[in-house]
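Student: I am new to this structure. Please take me through one part of it closely, and then show me what lies around that part.

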Amino acid sequence: MVRQCHAKLLPALSTKNTHSLTRPFEFSILALLTLPAVKPCNSRSLVTEPVDFMPHNTRITFPGRTYFAAILLILASVFAVTGAVAGDKQYYDIQYKARLDPESGLADVEITLAGEQLPSKLTLHLDPSRHQNLEGEFLTRESDEAVWTPKGERASIRYQFVIDAKKSSGRYDSRIIDKWAILRSDKMIPPISARAPKQLQSRATLAVEVPRKWNVLAPYTKDDDGIFQLRDPGRRFIRPKGWMIAGRIGSRQDVIDGTETVVAAPLGKNIRRQDTLAFLSWTLPELKKVFPQFPNKLLIVMARDPMWRGGLSGTRSLFMHADRPLISGNRTSSLLHELVHVATGIRGDHESDWIVEGIAEYYSLQTLRRTKGISEKRFKGALKDLAAWGRESPNLLVKRSSGPITARAVGVLHEVDLEIQQSSGGKRSLDDVVKALAKERGRVTVRKFRTLAEEAAGKPLAQLNRENLSGENLRK
Ligand SMILES: [Zn+2]
């Protein structure tokens, strides 16, 4: 999910690793000897050195090593039993490789699958203007979809990804030049749906090849060889997500309340990496009280023109134009706004974007108030200004919320917050509602939000009547 929030409220500024171990003993011994069975889930070696298993009837002898073999035999039996008890998960490996080439402006991408069993069918949802020259065996392409039915224990496809991309404003949200590249890995690797038995799970890595003296950052842990170990709990087919920056880059990092936070930008002066990190060190812990599931890794990518002049949130990461102030004149904070998007991971439907944007804006203000970045008086003043602006656009029930719509949404959320606090005798607040939404993530509807809010209040909330949300009653 990515949200773009271009100065929306700133009018003044522009198992276990098991091969189920059901095979004959020879297999188990061989497996122990040649690598896999005891490696951790994200072991790179499983990806880059897939084991070519010998045929099942291969006899293995250990001349002069009978004692060693005996121990292995015992170990193998133990593992066979444990494997059987541990059940049924089986893993295959996905290796993503991308070579970023500033000269052509392209990333050469290769996706390799390896394992005893692979998904029977993968559907890639491509962007035809950016994913080009797709090739590989057992692959058919039809405009923006490609169907891949891999055979055997190892299969690969390759394509080229056009890195540069502009938004309608003419500003880049993805860019490569001779000194750096900023892009989103979940655009480079398109959404992929995989058909596979339920017990078949993936492990995945991303290797990024870049010109000499370039560094690469993404919101994932790197192994000793610089390969990203991808994680996506709950997903059976793992692919990289979030912002990436590569090149001659400068970064500052710290662990803030358990979140490994990195602020990175192309080398150069006047990019406030350290200020940004300091700002986060006093605001992020407060935000994490409301959103305890906040990712344990956070990458903030900053750059100047011709990049997008606002903020863009992504998975465990966000982009922020380097010219944006940490706190704006109207006392909202674009950075905190995007962080709330990262924290909640929610998206709207045809009429609920105001909830998503309103929560981001309201909690950016609340976080500043709670950390004493702004006083109670200034907090109230900011709400009043937003309410005045919100009167320009009373209908919240629209597809995209920005400017005055989000400003009005903040007012409605504040009223709901006060009402919940009052009716629960201070025991509950809007925090409980957004906490529940963030726990579920995904799509939020007006009905879901209303149900949660009224549960917290213990009574119906007139503020959330459709008549109020559509602004009809304001026109009467
Ligand atoms: Zn937003």
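Student: Which residues of strand β8 lie on the covered face, and which on the uncovered one?

Tutor: A word on the source comes first. This is a predicted model. Now to the strand.

Strand β8 spans residues 154–162. The covered face holds A155, I157, Y159 and F161. The uncovered face holds R154, S156, R158, Q160 and V162. Read those two lists against the numbering. In a regular strand the side chains alternate between the two faces of the sheet.

Next, the neighbours of β8. Strand β3 covers residues 106–114 and is joined to β8 by 9 bridges. The two run antiparallel. One pair to find in the view is T112 of β3 with its bridge partner in β8, S156. S156 belongs to the uncovered face.

Strand β5 also pairs with β8. Here 4 bridges make the link, and the strands again run antiparallel. H131 stands opposite F161 in β8. F161 is one of the residues on the covered face.

Now widen the view to the whole sheet. The sheet is open and has 7 strands. Their order is β5-β8-β3-β2-β13-β16-β15, and the pairing is mixed. β5 (131–136) and β15 (221–222) stand at the edges. Each has a single partner strand, so one side of each has no neighbour in the sheet.

Follow the order towards β15. Strand β13 (residues 200–209) meets strand β16 (residues 228–230) there, through 3 bridges. These two strands run antiparallel. A204 stands opposite L230 in β16.

After β16 comes a loop that leads to β17 (243–247), and R235 lies in it. R235 has 14 C-beta neighbours inside 10 Å, so it counts as partly exposed. R235 and Q201 are 34 residues apart in sequence, yet their C-alpha atoms are 8.5 Å apart in space. Q201 falls within the range of β13, residues 200–209.

Go back along the chain for a hairpin. Strand β6 (residues 139–142) and strand β7 (residues 145–148) run antiparallel and share 4 bridges. L139 has W148 of β7 as its bridge partner. The hairpin has 2 residues between its strands. S143 lies in that loop between β6 and β7. Its phi is near 40°, a positive value in a residue other than glycine. S143 is exposed, because 7 other C-beta atoms lie within 10 Å.

K372 also has a positive phi, of about 65°, although it is not a glycine. Look for K372 in the loop between α7 and α8 (376–390). With 10 other C-beta atoms within 10 Å, K372 is exposed.

One more backbone detail deserves a look. The peptide bond from D305 to P306 is cis, with omega near 10°. P306 sits in the loop between β20 (297–303) and β21 (311–314).

Now turn to the interior. The largest nonpolar core has 114 residues. The members that touch the most others are L217, I245, A264, L299, I300, V301 and I359. Helix α7 (residues 353–370) gives this core its largest share, 9 residues. The core draws at least three residues from each of domain 2 (92–321) and domain 3 (345–475). Take I300 as an example. Leaving out residues up to four places away in sequence, I300 touches V262, V263, T276, L318 and M320.

Helix α7 has a crossing worth finding. The axes of α7 and helix α9 (residues 403–423) come within 8 Å and cross at roughly 75°. That makes α7 roughly perpendicular to α9. From α7, the residues that meet α9 are W354, E357, G358, I359, E361 and Y362. Their counterparts in α9 are I405, T406, A409, V410, V412, L413 and H414.

S333 makes a useful last stop. S333 is found in the loop between β22 (317–321) and α6 (334–344). It has 26 C-beta neighbours inside 10 Å, so it counts as buried. Beyond residues up to four places away in sequence, S333 touches L326, I327, S328, S364 and L368. S333 and L368 are 35 residues apart along the chain, and their C-alpha atoms are separated by 8.4 Å.

Finally, the whole chain. It has 13 helices and 24 strands. Of its 476 residues, 42% are buried.

Conventions. Residues are numbered from 1 along each chain as its sequence is written. This is a predicted model: local features need pLDDT of at least 70, side-chain atom pairs count only at pLDDT 80 or more; totals for chains, interfaces and linings use all residues. Two strands pair if DSSP finds at least two bridges between them. A nonpolar core is a set of buried Ala, Val, Leu, Ile, Met, Phe, Trp, Tyr and Cys residues joined through C-beta atoms within 7 Å. A residue is buried if 20 or more other C-beta atoms lie within 10 Å of its own, exposed if 12 or fewer, and partly exposed in between; C-beta atoms are placed from the backbone. Domain bounds come from an automatic or database domain assignment. Two residues are in contact if their C-beta atoms, placed from the backbone, lie within 7 Å. Axes are lines fitted to C-alpha atoms, for helices over the stretch in contact, and angles run from 0 to 180 degrees between N-to-C directions. Angles under 35 degrees count as roughly parallel, over 145 as roughly antiparallel, 65 to 115 as roughly perpendicular and the rest as oblique.
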